[in-house]
Amino acid sequence: SIHWNHANNLFPPLTTSSHKGSHGRIAIFGGSEKYTGAPYYAAQSALHCGVDLATVFCAKEASVPIKCYSPELMVQSVYSVEELDALLKEEEGLLDELEQCKQSNDLMTNEVNEMELLETMKKLKHSEEQQHLLIQNELKNDDKMELLAERLAKMKQVEEKLQSLRDRQDVSVNSIADTITSMFPTLHTLCIGPGLGRHPLVFSAVEKVIRKAMESKLILVLDADALFMLSLEEYRILLEELRGYERCVMTPNLMEMRRLNDASSSVASRGTEWEESVEKHSNIVVEKGNIDKIIQGGGEMQCREEGGLKRSGGIGDVLAGTISAFMAWSAILLETGMSNNKIDEQQQRVFAAWTACVAVKRATKVAFQRKRRTMSAIDVIGEVGVALEGMEGGLQLEHCNQLPQTKSLQE
């Protein structure tokens, strides 16, 4: 089984032959006009762990603030919230106009059909008076048919405008995805979610990025708004595909975990079926809490390391960045043939995720001891390197609670 001294094999060695990027190249896809701190915390945490390069892909509105936070980060804006909002607003207006056209046409069509029925009935009678009225009604009906044709033509125009708009939306979404995926050959890990926001067009781009990452066998760390996205009805198929993707690490808190479980089970009546299907999931889930749980398939590891008493905003982002660093190292060790041959590739990632949890708990404890109530995520980031310093030599076994029946974590 996995032992605490396997931590020795989680860190790529520092050598004179190392070059920039040898110890990790990670990227964060997150950062919107409202949330600029989260991607900074995640990326900066990875740098403080020891990765060489960290890139942030974000909204144009977030790029300057994030650049100002740290000169160490490479920050690239991949979309403009203002432009995406304008596209959505235009779509909303066209959809309202289209609905009004449809309602007007339905009323007109019903009225014309009633007149046609009256006309048929009148043709059964041959009085001169009714023939005269029939001619008048036919003239009115012709006017209504002409008006209906005009409205149908207008509706077709609106539909064409709507299709053209959606083509432009696709261009914007593809541009976001293409910019990020073009960097995949240079990355060891991609973290999606910190400060991402919940823009529907950004979510569409995220789906494309995730699918391309799976094709490229890139390690994914999914956090925050990326997990919210996966809980939505339209992304449940993607969620299930990710649950079968070994190189995916999800980092939900308690509420996010509930949403993901509800999404996976689809309906509450499938609760038992969901519990049985958990063992088939091969991705890693790090459920954050007082005791962090690292779940993979039917197995679970628990991090019982004592943290600080202050739960500041941003610590979850620190953990996402730290896990990203350890996942990058896992990929590097595998590529260079230096990974632990006593445990398989997925077991090593599970243990790496657990070790990242230990590191953040230790950093939080030290930061709290120094700052007490004034402790913030920045203070925790400053202690991550110190926490890792004593970990390359191994971790204390008492801080790990591994379930004995965990099949997926055994040799």
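In helix α11 of this predicted model, F351 and W354 are three residues apart, and they are therefore separated by about one helical turn. The ring centres of these two residues lie 5.2 Å apart and their planes meet at 20 degrees, so F351 and W354 count as a stacked pair. As for their surroundings, F351 is buried, and W354 is buried too.

Let me put another helix beside that. In α10, F326 and W329 are also three residues apart, which again means a separation of about one helical turn. Here, however, the arrangement of the rings is edge-to-face, with 5.0 Å from centre to centre and 65 degrees between the planes. F326 has a relative accessible area of 1% and is buried, and W329, at 3% relative accessibility, is buried as well. If you are wondering why a value such as 3% earns W329 that word, it is because buried means under 20% relative accessible area, and W329 stands at 3%. The pair of F326 and W329 does not stand alone, since ring pairs link F11, F326 and W329 into a cluster. Over the whole structure, the search finds eight aromatic pairs.

There is one more ring I would like you to find, and that is the ring of F228, over which the charged end of R198 sits, 3.6 Å from the ring centre.

Let us turn to the pockets, where we shall meet both helices again. The largest pocket has a volume of about 450 Å³. Which residues are the closest to its centre? Of the 29 residues in its lining, they are Y35, G193, G195, A224 and D225. The elements that give two or more residues to this lining are α8, which runs over 254-265, and α10, which runs over 315-336, and the largest share, three residues, comes from α10. Sorted by class, the lining of the largest pocket holds nine nonpolar, 10 polar and 10 charged residues.

The second largest pocket has a volume of about 340 Å³. Of the 20 residues that line the second largest pocket, G289, G307, G308, R311 and K361 are the closest to its centre. Two or more residues of this lining come from each of α10 and α11, the latter covering 345-371, and α11 gives the largest share, with four residues. By class, this second lining divides into six nonpolar, six polar and eight charged residues.

Now a word on the cysteines. How many disulfides does the structure hold? The number is zero. Two of the cysteines are worth finding in the model for their surroundings: C68, at 61% relative accessibility, counts as exposed, whereas C191, at 0%, counts as buried.

Finally, I would ask you to look at the backbone in two loops. Most residues other than glycine have a negative phi. K217, however, has a positive phi of about 60 degrees although it is not a glycine. K217 is found in the loop between α5, residues 200-216, and β5, residues 219-222, and at 55% relative accessibility it counts as exposed. R372 is another residue, not a glycine, with a positive phi, in this case near 55 degrees. R372 lies in the loop between α11 and α12, the latter spanning 377-389. Is R372 exposed or partly exposed? At 48% relative accessibility it counts as partly exposed, because exposed requires a value over 50%.

Terms used: Residues are numbered from 1 along each chain as its sequence is written. This is a predicted model: local features need pLDDT of at least 70, side-chain atom pairs count only at pLDDT 80 or more; totals for chains, interfaces and linings use all residues. Side-chain values use heavy atoms; hydrogens and water are left out. On a 1 Å grid over the protein atoms alone, a cavity is a set of points where a 1.4 Å probe fits but cannot get out, and a pocket is an open set with protein on both sides within 12 Å along at least five of seven lines; lining residues have an atom within 4 Å of a point. Grid points are joined across faces, edges and corners, and a volume is the space filled by probe spheres set on the points. Ala, Val, Leu, Ile, Met, Phe, Trp, Tyr, Cys and Pro count as nonpolar, Asp, Glu, Lys and Arg as charged, and the others, Gly among them, as polar. Rings of Phe, Tyr and Trp (its six-membered ring) pair if their centres lie within 6.5 Å; planes under 30 degrees apart count as stacked, over 60 as edge-to-face and the rest as tilted. Buried means under 20% relative accessible area, exposed over 50%, partly exposed in between (1.4 Å probe, protein chains only). A charge sits over a ring if NZ of Lys or CZ of Arg is within 6 Å of the ring centre and within 35 degrees of the ring normal. A disulfide is a pair of cysteine sulfur atoms within 2.5 Å.
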